[in-house]
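Hi,

Here is the structure I said I would pass on. Have a look at it first, and my notes follow below.

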Amino acid sequence: MQFLKKLPKVFNLESYLYTSTRANFSVKHHQLVTEREGRRRLEELSSRETMGLKAYTCGHLCKRFRPHLLMFFAQVGYTFLYLITEASFNRGMNPHVYITYRHVVASVVMLPIAYFAERKQRPKMTLALFVEIFILSLLGVSLTLNMYYASLRYTSPTFVASVVNTIAALAFVIAIALRLESLDLRNPRGLAKLLGTLVSLAGVMTMTLYKGPKMKNLSVTPIHIEGNTASNHENWLKGSILTVASCITWSVWYIMQAVTLKRYPAQLSLTAWMSIVGAAQSAFFTVIVEHRKAAWTIGFNVDFWSILYGGVVMSGAVVFIQLWCTEVKGPVFVTMFNPVSTILVAVIAYFVLGEKLYLGSIVGAVVVIFGLYLLLWGKEGDQPVQSKSEDQFDSSCDEQKDNIRHIAGSVETKVTPGEP
């Protein structure tokens, strides 16, 4: 009987041992699962950190070199502009009518885009600001482009593209005169600025005053532009003077852009305003100098496509790119890419179109490019212009990287190996 009385106690003891062993196993299993989950989370966070660092590096590089790529593509656009306008002018297209139509097209395209894209960030228009935009349009659209395209009728695309390289040197001289740029002749980089400016001006004088012998053309050219080019290019000196004058006003326009963007930091709206005001100014000038109604008539040919390309691509997209790069990197940075179009135009005009190439243009272009990059080497000593958005981008990426590392470190300290 006593054994029977003790039996339930033995039975209860065995149940207790079984329950205790099972609970202990569950605790160890839970610790093992927690350890595995912690390690998996740590590996996931480490992988995210690695991917985040790669994305940060790629994003930083794209952000850093975005202005360079945009300006390169802008110069490619200028290259095709030289060639398509040359073909249009050889067919009899009036350059003043072309400029008017081109900016009318740019106004129609850019106005709705600027209105909806910059409704919240566009400053209020005042009378003083409108007068500033009026002068900016006069320098960059009506006055400059009318002289520029008139010079293209008397010279050649290769010559015009080469002289445009002096804009960087001329902009530097004007900035020195207006005390917007510093010049220390005791510093090697300051001396390089002065020498680069003088060398660039010597190169453009060589192209203007010395035509030189004509280089031998290829026997067969893949593309031939129709038109009487000999009669158009007969007054080389007149075309050279117009080209240099347009480069001077163009340089002032680049410097004035940087000043206007500080008061009106809306690139799309500023592009639209310059197109509208510039079209009105050019139309007023064209009505005075051109009385033939037939000059305002264009057909569905190269004239139409040159106007469409110039309005949408050049006066719209490229001007917006230049304004954005001017705000981010400064006006001198924008002008340093002009030699790209010079090289492309010379190669296409000589090898593809069979354009006449003279020794004076080649020598002068080499001198101009050498002086330009001597000036740019001197400019490297200055503090680069950087936008606020780029600084915020870099700081936010740094904060995100630090947060990822902090989370990964906290998980690593909390997760410890389970007891054996």
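To start with a single residue: in which helix does T85 lie? T85 is in helix α1, which covers residues 2-90. Keep in mind throughout that this is a predicted model, and that every number here is computed from it.

What does T85 touch, once residues up to four places away in sequence are set aside? The partners are Y98, Y149 and L152. T85 has a relative accessibility of 1%, and because buried means under 20%, T85 counts as buried.

Now the overall picture. The protein has 14 helices and zero strands, so if you list the elements from the N terminus on, you just write α again and again. There are 420 residues, and buried ones make up 42% of them. The protein exposes about 23200 Å², with carbon and sulfur atoms supplying 66% of that area. On contacts, take the pairs at least 6 apart in sequence: 91% of those contacts join residues at least 24 apart.

Next, helix α2, where I looked at two packings. A pair of packed helices is described by the angle between the axes and the distance between them, and I'll give both each time.

The partner I'd begin with is α9. Helix α2 spans residues 95-117 and helix α9 spans residues 267-289; their axes are 7 Å apart and the packing angle is about 155°. Angles over 145 degrees count as roughly antiparallel, and α2 and α9 are therefore roughly antiparallel to each other. Their crossing is left-handed. Sorted by class, the residues in the contact of α2 with α9 are 16 nonpolar and nine polar, with no charged ones.

The other partner is α3, residues 127-154. Here the axes of α2 and α3 come within 9 Å and cross at roughly 135°, which makes α2 oblique to α3. The crossing of α2 past α3 is right-handed. On the α2 side the contact uses P95, H96, Y98, I99, R102 and H103, and these meet V141, L145, N146, Y149, A150 and R153 of α3. By class that contact has seven nonpolar, three polar and two charged residues. You may recognise two names in that contact, Y98 from α2 and Y149 from α3: both are also on the list of residues that T85 touches.

One more residue in α2 is worth a look, V105. Is V105 buried or partly exposed? With a relative accessible area of 21%, V105 is partly exposed; the cut-off for buried is under 20%. Leaving out its neighbours within four places in sequence, V105 is in contact with I307, L308, G311 and V312. V105 and A279 are 174 residues apart in sequence, and their C-alpha atoms are 9.2 Å apart in space.

Then there is α5, residues 167-177. Why call α5 largely enclosed by the rest of the structure? Eight of its 11 residues are buried, so that description follows. The buried ones are I167, A168, A169, L170, A171, F172, I174 and A175. If you check backbone torsions, note that α5 is followed by R179, which has a positive phi, near 60°.

α5 packs against α8 (residues 236-263) at an angle of about 60°, and the axes are 8 Å apart. That makes α5 oblique to α8, and the crossing of the pair is right-handed. From α5 the contact takes I167, L170, A171, I174 and A175, and from α8 it takes C247, I248, W250, S251, V252, Y254 and I255. By class, the contact of α5 with α8 has 11 nonpolar residues, one polar and no charged.

Last stop, T326, which sits in helix α10, residues 302-329. T326 is buried, at a relative accessible area of 4%. Not counting residues up to four places away in sequence, T326 touches Y254, Q257, A258, L261, P331 and V334. Of these, Y254 also belongs to the α8 side of the contact with α5. For Q257, the C-alpha distance to T326 is 7.5 Å, while the two are 69 residues apart along the chain.

That's the tour from my side.

Cheers

Methods: Residues numbered from 1 in each chain as written. Predicted model: local features only at pLDDT ≥ 70, side-chain atom pairs only at ≥ 80, totals over all residues. Heavy atoms only, no water. Axes fitted to C-alpha atoms, helices over the stretch in contact; angles between N-to-C directions. Helix = DSSP H or I, 4+ residues; strand = E, 2+ residues; numbered from the N terminus. Parallel < 35°, antiparallel > 145°, perpendicular 65-115°, else oblique. Left-handed = near helix turned anticlockwise from the far one by under 90°. Nonpolar A, V, L, I, M, F, W, Y, C, P; charged D, E, K, R; others polar. Buried < 20%, exposed > 50% of the residue type's maximum accessible area, 1.4 Å probe, protein only. Contact = heavy atoms within 4.5 Å. Areas by Shrake-Rupley, 256 points an atom, 1.4 Å probe, with all protein chains shown as cover.
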